[in-house]
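This report introduces the reader to charged side chains and the pairs they form. Please look at the sequence and the model before reading on.

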Amino acid sequence: MAREIERTGIPVVVMCNLIDVAKTVGANRMVQTVSVPYPLGDPELRPEEEKALRRRLVERALKALQTDITEQTVFTE
């Protein structure tokens with residue numbers, strides 16, 4: 001679905017922990033997340049640490065949306 005949305009000119013970021021799957025289905029902008037059951041969190045962290053983790057991931061995704069790309073790209077920072 002991300003590819004179809006991007007064809008209309010709207011950039012899309014796929015946030016997932018299975019980057020190889022995202023690449024296979026044709027996602028262009030990908031952000032690596034934490035794990036399958038907790039993609040945007042970690043229940044072992046203290047609440048303030050988990051909030052900071054989530055914020056970093058969302059900020060990374062926003063940066064990915066603003067970045068011009070020419071090929072599939074995984075954003076890690």
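How exposed is E48, in terms of its relative accessible area? In this predicted model, E48 has a relative accessible area of 47% and is partly exposed. The side chain of E48 meets that of R46 in a salt bridge, with N and O 2.6 Å apart, and R46 likewise counts as partly exposed, at 48% relative accessibility. The pair also belongs to a wider arrangement, since R46, E48 and E49 are linked in a network of salt bridges.

The structure holds six salt bridges, and the table below lists some of them, including the one just described.

| Salt bridge | N to O distance |
|---|---|
| R7 and E4 | 2.7 Å |
| R29 and E6 | 3.0 Å |
| E48 and R46 | 2.6 Å |

The salt bridge between R7 and E4 lies within helix α1, which spans residues 2-7, and because R7 and E4 are three residues apart there, about one helical turn separates them. R7 is exposed, with a relative accessible area of 58%, whereas E4 is partly exposed at 47% relative accessibility.

R29 and E6 form another salt bridge, in which the closest N and O atoms are 3.0 Å apart. This pair links distant parts of the chain, for R29 belongs to strand β2 (residues 29-32) and E6 to helix α1, with their positions 23 residues apart in the numbering. Are these two residues buried or exposed? Both R29 and E6 are buried, which means that each has under 20% relative accessible area.

Conventions
Residues are numbered from 1 along each chain as its sequence is written. This is a predicted model: local features need pLDDT of at least 70, side-chain atom pairs count only at pLDDT 80 or more; totals for chains, interfaces and linings use all residues. Side-chain values use heavy atoms; hydrogens and water are left out. A salt bridge is a side-chain nitrogen of Lys or Arg within 4 Å of a carboxyl oxygen of Asp or Glu. Helices (H or I, at least four residues) and strands (E, at least two) are DSSP runs, numbered from the N terminus. Buried means under 20% relative accessible area, exposed over 50%, partly exposed in between (1.4 Å probe, protein chains only).
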